[in-house]
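I opened this notebook to keep track of what I looked up in the structure and in what order. The entries follow my own reading, starting with a cavity and ending with the backbone.

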Amino acid sequence: EVQSVTMTTVMTSVTPSTFGDSVTFTATVTGGYIPTGTVEFYDGVTLLGTDVLDGSFQATYATSALMIGAHNITAVYLGDGNNATSTSSILVQTVNPTAGCTTQLSPGDNIQNTITAVTAGDTICLNPGTYTLSSAININKALTLTKAGCDANVVTARTPGSVDEVILDGNNAVSNVILISA
């Protein structure tokens, strides 16, 4: 049996978005014979989630977990007994840092590389999570490290030549693990 050709498009609720904002992607399947079934949403090759087409031939996926940067979002309609699968064009979703943050990091990001790359006076915001450091961090310029949202209770500022060349945790205790609470 020959399946009908479909076309899938994907749209975003907001772009650019700010880190932590909820973004909803909506896929619409057109053509074919009354499309039914599932749509998968991808960020590059990473599956974000799935949804079932509604009566308007649309499926949605909402997230607030996209990291800062550009994301190549696609929607893939998996087809059904009458309709062939189809994949949308790429939608570029840009996620910007939180206001007040020059740079924003998440657990797993390389803190030392970021410190080396930023300009003196910048504010580096650390998203909630645990940051494990393989060695002491060399802070060779005046910077502010703060909890995302720029909550001053987790601020550690250093000046060039400081003898404190490790990041301190929120209790000002020397540590090679930083826990930034949500």
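Entry 1, a cavity lining. I sorted the residues that line the second largest cavity by character, and they divide into 5 nonpolar, 5 polar and 1 charged. The model I am reading is a predicted one, and I keep that in mind for every value noted here. The lining itself includes the run Ser17, Thr18, Phe19, Gly20 and Asp21, together with Val23, and I also find Thr63, Ser64, Ala65, Leu66 and Val95 in it. For the volume of this second largest cavity I noted about 40 Å³, and the count of cavities of 30 Å³ or more comes to 2.

Entry 2, the sheet. I next asked in what order the strands of the open sheet of 3 strands stand. The order I read is β1-β3-β6, and the pairing is antiparallel. The edges are taken by β1 (6-12) and β6 (58-63), each of which has a single partner strand, so one side of each is left without a neighbour in the sheet. I also looked up the angle between neighbouring strands of this sheet, which are turned by 20° against each other on average when direction is ignored.

Entry 3, the bridges. In general, strands of a sheet pair through backbone hydrogen bonds, either parallel or antiparallel. Here I counted 7 bridges joining β1 to β3, which run antiparallel, and as an example from this pair I wrote down Met7, whose bridge partner in β3 is Thr30. On the β6 side, strand β3 (residues 23-31) is joined by 6 bridges, again with the two strands running antiparallel. There I noted that Thr24 stands opposite Ala62 in β6.

Entry 4, the nonpolar core. I then turned to the largest nonpolar core, which has 17 residues, and I listed those with the most contacts inside it as Val10, Phe25, Val39, Phe41, Leu53 and Ala75. When I traced the core back to the strands, I found that β3, β4 (38-43), β6, β7 (69-77) and β9 (91-96) each supply at least two of its residues. The largest share, 4 residues, comes from β3.

Entry 5, backbone exceptions. Most residues other than glycine have a negative phi, and most peptide bonds are trans, which made me search for departures from both habits. Which peptide bond is cis? I found that the bond from Thr15 to Pro16 is, with omega near 0°, and Pro16 is found in the loop between β1 and β2 (17-18).

For phi, I noted that Ile34 has a positive value of about 40° although it is not a glycine, and its place is in the loop between β3 and β4. Phe57, also not a glycine, has a positive phi of about 60° and lies in the loop between β5 (46-52) and β6.

Entry 6, exposure of these two. I asked whether Ile34 counts as buried or exposed. Because its relative accessibility is 52%, Ile34 counts as exposed, the cut-off being over 50%. Phe57, at 29% relative accessibility, counts as partly exposed.

Methods. Residues are numbered from 1 along each chain as its sequence is written. This is a predicted model: local features need pLDDT of at least 70, side-chain atom pairs count only at pLDDT 80 or more; totals for chains, interfaces and linings use all residues. Side-chain values use heavy atoms; hydrogens and water are left out. Two strands pair if DSSP finds at least two bridges between them. Axes are lines fitted to C-alpha atoms, for helices over the stretch in contact, and angles run from 0 to 180 degrees between N-to-C directions. On a 1 Å grid over the protein atoms alone, a cavity is a set of points where a 1.4 Å probe fits but cannot get out, and a pocket is an open set with protein on both sides within 12 Å along at least five of seven lines; lining residues have an atom within 4 Å of a point. Grid points are joined across faces, edges and corners, and a volume is the space filled by probe spheres set on the points. Ala, Val, Leu, Ile, Met, Phe, Trp, Tyr, Cys and Pro count as nonpolar, Asp, Glu, Lys and Arg as charged, and the others, Gly among them, as polar. A nonpolar core is a set of buried Ala, Val, Leu, Ile, Met, Phe, Trp, Tyr and Cys residues joined through side-chain atoms within 4.5 Å. Buried means under 20% relative accessible area, exposed over 50%, partly exposed in between (1.4 Å probe, protein chains only).
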